[in-house]
Amino acid sequence: MAKKYLITSALPYINNIPHLGNFIPLLRSDIHVRIKKLQGKDVLYICATDESGTRTEIEAEKKHMTEEQYCKIMHKKFKEILDWFSIDLDYFGRTSSKSNHELTKEIFMDLNKQGYICEKEVTLLYCPDCKRYLPDSYVEGTCPHCKTPGAKGDQCDACSKFINPEELIEPKCKLCGQKPTVKKDKHLFLDLPKFSNKLKKYIEENKNFHGIERNLPLAWIKEGLEPRCISRNLKWGVKIPIKGYEDKVFYVWFDAPIGYIAATKDYCDKNNLNYKDYWQNKDTQIIHFMGKDNVPFHTIIWPSELMSNKKWNLPSRIYSNEFLNYLSGKFSKSNNRGVFCDDVLKLKYNSDTWRFYLSSVLPEGKDSDFEWQEFMDKINNELIANYANFAYRIISIAKRFGEITPLTEEKLNKSEKDILKKIKENIANYLNENTRGNLKEALRNALNVSSLGNQYFQENKPWELIKDDNKKEEANHVLWFSFSILLNVSLLLHPFIPTKTKEIINLIAPGFSINNALKDKKPSIINKNITITEAKPLFAKIEEEEIKELKKKF
RNA sequence: AGCGAGGUGGAGCAGUUUGGAGUGCUCGUCGGGCUCAUAACCCGAAGGUCGUAAGUUCGAGUCUUACCCUCGCUACCA
């Protein structure tokens, strides 16, 4: 059976409209999937909204809705955003789905049967007024160390010391301001120490785990894992299917990654496929994209859950990204700081523009910053000047020239053969960088090809050739080869800016199949007549004035 | 505080796995060319004691140690 790939992007939390930083794993995974499709690989691309948790109950209550109603509305908003950005998911599921509830219970029961679940008594804060158990971050009070008021239940912002919420002076419920009481309750724990050896072996033996994805879990294991609490005193979520836990649900992070399997199952059920071909067939590779904050969950807790039963495939590769910050600080909805995905939909720039800019500043090796000036520079000086201008100058001349007839590879002269050779090298590097998770470099390789195109165009001066009736044939040759270069750049850029490149490919090579185009890792040449009747710029340049406005607005 | 990641011309990044002359890329700057194209394109040049200090080595951006700075995690935010 041919190798399959199941690719996921970290499940966005239903309560937070993603900002551009949260959007990075979605963009990277989408590009990665599209590049794999160019290679003709069998890929399934899955994501879902993560809908459990205390915040969902609180947000729904604030809006006077049931959790179900609230999540449905929010899920639709997320879907609109993903569609707008051309995030080409095969399926966008929900962790509140029936399939996720069933699979979560199934995996839990397997873990429990094998003795991987233990029970412990824990001390919790309870707000009698809200009738709700309070997570640490929902409790506020005076820091016992530095006496600063307004310290949260987990850490004091002023002295940055950790706080045991019971030690807070004058603790208050963040929701109603009343004083919470201390309660003891029994909870379930995933007995992580029992997985230490298996996890260590799994990570050490998997050569695809690099950097943080390897060192962080190995460091945690070396220090000694602790059991992780997986139950919560909430109503909304996956019910715990054992006696004595009827009033509790699973911790979001227990059922969230199972959402990857559930979404796969929902997709497969609708398309006459079997989800086990993805999750239990050893020929399938599971690949997860996420932000760096998510790495402990995906390298320790999630594989442990899957080790409940030998049948599940473990993640074979993890691509984590650093953070994209806003003007050297954090994005923050509550402080109204930064650009959020729903803002982007209201601005005048199309999704390709945003995708290109974000692709060119992907935080792959270290944190990077969103900067408006840089947004303008990258779009004007790289996307437009390099690629869009190349396309526009050929199209403009071709329109004046008339019908272009294709030639065959034997007609190529030495410099043209050299260009094809260089394109081939760029394709090889592009694919290699994609596999290594360096999409910013892959983009660079794509743009190298349009630089080759601009050079070729400059040297061969088709604008002179078309004026000379004796040089019609030569003009045809140069234009045809220029278009062939343009086809190759457009293919390589397609995963990054899918909309505009598709238009160009349809214009210059109608019927050309984008999927599989790089299967042989070879450049493509155009083999049909090309007639251009209209020429217009691909993107509008961004003006200084616009940037000034945006800087004021955000 | 502990653990993890990062610090490389004016800006942004590769390069560190396996040590071999500061090597490379994009943007910006400066000089020249071109006039098909959205002041776009092409050619050339300048610009760096690789966070700091010490060490190993014939040789360190790369290995070791200490320190400084940025970010993440530290187990009930998700």
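**Note on the RNA surface and aromatic clusters**

1. The surface near RNA strand B divides into 24 nonpolar, 14 polar and 22 charged residues. Here, near means that a heavy atom of the residue lies within 4 Å of the strand. Ala, Val, Leu, Ile, Met, Phe, Trp, Tyr, Cys and Pro count as nonpolar, Asp, Glu, Lys and Arg as charged, and the others, including Gly, as polar.

2. This is a predicted model: local features need pLDDT of at least 70, side-chain atom pairs need pLDDT 80 or more, while totals for chains, interfaces and linings use all residues. Residues are numbered from 1 along each chain as written, chains are lettered from A and ligands numbered from 1 in written order, and side-chain values use heavy atoms, without hydrogens and water.

3. On confidence: chain A has a mean pLDDT of 93 (the predictor's confidence in each residue, from 0 to 100). In chain A, 100% of the residues reach 70 or more. The model scores are ipTM 0.93 and pTM 0.96.

4. Which residues come nearest to RNA strand B? They are D136, N215, K330, N389 and R393, out of 60 around the strand. Of the strand's atoms that come within 4 Å of the protein, 72% belong to sugar and phosphate.

5. Three polar contacts to the strand deserve a look (N or O pairs within 3.5 Å; within protein, one atom must be able to donate a hydrogen and the other to accept it, and sequence neighbours count only if both atoms are side-chain atoms). D136 places a polar side-chain atom 2.6 Å from a sugar or linking oxygen of RNA strand B. For R232, a side-chain N or O atom is 3.0 Å from a sugar or linking oxygen. Q455 reaches a phosphate oxygen instead, with a polar side-chain atom at 3.4 Å.

6. Which element gives the most to this surface? The answer is α13, with eleven residues. Elements that each supply at least two residues include β4 (117–127), α6 (211–223), α13 (372–401) and α15 (439–460). Helices (H or I, at least four residues) and strands (E, at least two) are DSSP runs, numbered from the N terminus.

7. The model holds 28 aromatic pairs. Rings of Phe, Tyr and Trp (its six-membered ring) pair with centres within 6.5 Å; planes under 30 degrees apart are stacked, over 60 edge-to-face, the rest tilted. W354 and W372 pair edge-to-face, at 6.2 Å between centres and 80° between planes. That pair links distant parts of the chain, 18 residues apart: W354 in α12 (residues 351–360) and W372 in α13. W354 is buried at 0% relative accessible area, and W372 is buried at 1%. Buried means under 20%, exposed over 50%, partly exposed in between (1.4 Å probe, protein chains only).

8. W354 and W372 belong to a wider cluster linked by ring pairs. Its other members are Y326, F331, F340, Y349, Y357, F370, F375 and F554.

9. Two lysines place a charged end over a ring (NZ of Lys or CZ of Arg within 6 Å of the ring centre and within 35 degrees of the ring normal). K36 sits over Y5, 4.7 Å from the ring centre. K120 sits over F189, at 5.4 Å.

10. Two buried hydroxyl residues close the list. S29, in α1 (residues 20–38), is buried at 0% relative accessibility. A polar atom of its side chain lies 2.9 Å from the backbone oxygen of L26. T299, in α10 (residues 295–306), is also buried at 0%. The C-alpha atoms of T299 and E546 are 43 Å apart, with their positions 247 residues apart along the chain.
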